Amino acid sequence: MPILRKPLRILTAVPICDGHDSAVTTINVELARHGIEVIYLGYHCSATTIARSAIQEDVHAVGISSYNGGHIVFFDEVIKQLKARGGAGIPVFGGGGGTITRADERLMKRRGVDRIFFAGTPLNAMMEEIKQLYARLPKPDGKLTVDSALARKITLAEISASKKRQNSGFRGAKTFVMGVAGPGGAGKSTIIDEFTSRFLKLRPDGRMAILANDPSHPDTGGAILGDRVSAIYAQDDRVFFRSLATRGHLTGLSRAAPAAIEVLRASGQFNLILVESVGIGQESDPFRIFSRGRQLVDSSLLVLAPHYGGRIQLQKIGMLNGADFVAINKCDHPMALTARTEIGARIESNDRGQRLFGTVAARHFDTGVDRLFAAISALSPRKAR
Ligand code: B12
Ligand SMILES: Nc1nc2c(ncn2[C@@H]2O[C@H](COP(=O)(O)OP(=O)(O)O)[C@@H](O)[C@H]2O)c(=O)[nH]1
Ligand SMILES: [Mg+2]
């Protein structure tokens, strides 16, 4: 039995035409409590979405919670999609209470499903079994397909002891790397999703990547990596999306983020890489804007919501001194006008040519997001390394 030396990464999801997400929510919390990193996709997920995500996230296994009665066909389709996309080695397990019978399970197992958990199984017993069944150390593999090879390189960077940034020195196709930071809940993920939609339209042959950093729980080391739930437009093969848990690194990014950026940059496949920080505080500098060494990104965006707590609070936010772009999101809120005046005055005093935008990212086709994306797109060919 291999030893669990590094966190297990499990992708969980609920199938298409199924809104029963309360069971999987319980399972997710329990997995994280047992030190597991959970990449959660939400409900109403297609087999393609699950397979694509599992490969990009390089997970140890996929757990599906199915109550809609279509489990035999659906699990089968996920396994087929995984095989077709180079993820044949990723085991698929799941549950669905009483909707999955013992006879169904026998058939599903014959078709490649690894394990079904039935109604009444105690949560602890499930967790212990999952850890035993799926713990394995990822190794380099020369036979991987494009996305699985990229994903594996990022995994290896995550588990490697080296804290040094790997600089590939790659200077091929131009890739523009944009860092997106801001407090939790300000709308970073929503803005990134809106950027994704605009990028896919603007560059019909282009590819983009998203590196979404989320915090690890300090007590258990587990994590719920949930940014994919709101990544609606990332359900496209032209988008490579990878979630990174911070694993105790307190800068707002995973320790592996610099290496992951470099892996993606060096692949030469991406026109745009968006890096989302975890919710950051006043003294954070996730992208090393103020560092003496090389910045991690070509440009940076700070997203704030109108509720930052008044002008004095505003004075304290370090990233307001360095971010190239500032978005006041949630401009549908009455406080937004005051926020615009106060933040405008604050960055004007920096005299660095920082640009301020008001956005309502929750609204599709928002003109503020249009303007912000246009400004970033205009900058990217010049600044891309
Ligand atoms: C709660 C519930 C709802 C809630 C869902 C709330 C939510 N956000 O999830 C509400 C009321 C909204 C609802 C709605 C509906 N429901 Co409903 N619902 C249930 C109910 C009562 C419980 C399911 C549940 O959450 N169980 C709790 C979990 C933790 O326990 P468990 O199921 O025993 O699962 C165990 C293992 O299987 C394992 N497990 C489960 N999933 C996973 C995943 C992983 C990764 C792992 C490791 C383990 C694991 O964990 C448990 C360990 O003991 C079941 C009936 C039942 N008793 O099962 C019906 C049931 C699933 N619902 C049913 C139906 C028909 C519906 C509706 C279509 C009703 C309607 N006509 O509108 C809608 C559809 C909603 C939708 N959009 O999909 C039917 C499905 C019939 C079928 N498939 O043939 C059921 C079976 C009820 C019935 N007997 O008719 N439902
Ligand atoms: N009212 C309003 N809500 C928004 C807006 N943008 C995002 N949200 C909501 O704010 C919540 C947090 O957004 P999210 O993008 O996850 O924030 P993050 O933590 O910064 O990534 C979600 O429920 C979004 O739907 C907006 O412009 N207006
Ligand atoms: Mg987010």
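On a 1 Å grid over the protein atoms alone, a cavity is a set of points where a 1.4 Å probe fits but cannot get out, and its lining residues have an atom within 4 Å of a point. In the present structure, the second largest cavity is lined by 11 named positions that include Ser 189, Asp 227 and Glu 276. This is a predicted model, in which local features need pLDDT of at least 70 and side-chain atom pairs pLDDT 80 or more, whereas totals for chains, interfaces and linings use all residues. Side-chain values use heavy atoms, without hydrogens and water, residues are numbered from 1 along each chain as its sequence is written, and ligands are numbered from 1 in the order in which they are written.**Second largest cavity**
- The whole structure holds 2 cavities of 30 Å³ or more, and the second largest has a volume of about 60 Å³ (the space filled by probe spheres set on grid points joined across faces, edges and corners).
- Its lining also includes Ile 192, Asp 193, Thr 196, Ile 210, Ala 212 and Phe 241.
- Helix H7 contributes the most to this lining, with 4 residues, and strand S7 (208-214) supplies at least two; helices (H or I, at least four residues) and strands (E, at least two) are DSSP runs numbered from the N terminus.
- By class, the lining comprises 5 nonpolar, 3 polar and 3 charged residues, where Ala, Val, Leu, Ile, Met, Phe, Trp, Tyr, Cys and Pro count as nonpolar, Asp, Glu, Lys and Arg as charged, and the others, Gly among them, as polar.

**Metal sites**
- The magnesium ion (ligand 3) has the protein donors Ser 189 (OG), Asp 227 (OD) and Glu 276 (OE), at 2.1 to 2.7 Å; donors are N, O and S atoms within 2.8 Å of the metal (3.2 Å for Na, K and Ca), and sites may look incomplete because water is not among the atoms.
- Asp 227 sits in the loop between strand S8 (223-225) and strand S9 (239-245), and Glu 276 in strand S10 (residues 272-276), so the pair ties together parts that are 49 residues apart in sequence.
- The cobalt atom of ligand 1 has a single protein donor, His 20 (NE2), at 2.2 Å.
- His 20 belongs to the loop between strand S1 (9-13) and helix H1 (22-33).

**Ligand 2**
- Ligand 2 is surrounded by 15 residues, each with a heavy atom within 4 Å of it; Gly 185, Lys 188, Ser 189, Thr 190 and Asp 332 are the closest.
- Helix H7 (residues 188-202) provides the largest share of this shell, 3 residues.
- The shell divides into 5 nonpolar, 6 polar and 4 charged residues.
- Oxygen atoms of ligand 2 lie 2.5 Å from a polar side-chain atom of Thr 190, 2.9 Å from a backbone N or O atom of Gly 187 and 3.0 Å from a polar backbone atom of Ala 361.
- The protein buries 67% of the 580 Å² that ligand 2 exposes when taken alone (accessible areas by the Shrake-Rupley method with a 1.4 Å probe).

How values were computed. A polar contact is a pair of N or O atoms within 3.5 Å; within protein, one must be able to donate a hydrogen and the other to accept it, and residues adjacent in sequence count only if both atoms are side-chain atoms. On a 1 Å grid over the protein atoms alone, a cavity is a set of points where a 1.4 Å probe fits but cannot get out, and a pocket is an open set with protein on both sides within 12 Å along at least five of seven lines; lining residues have an atom within 4 Å of a point.
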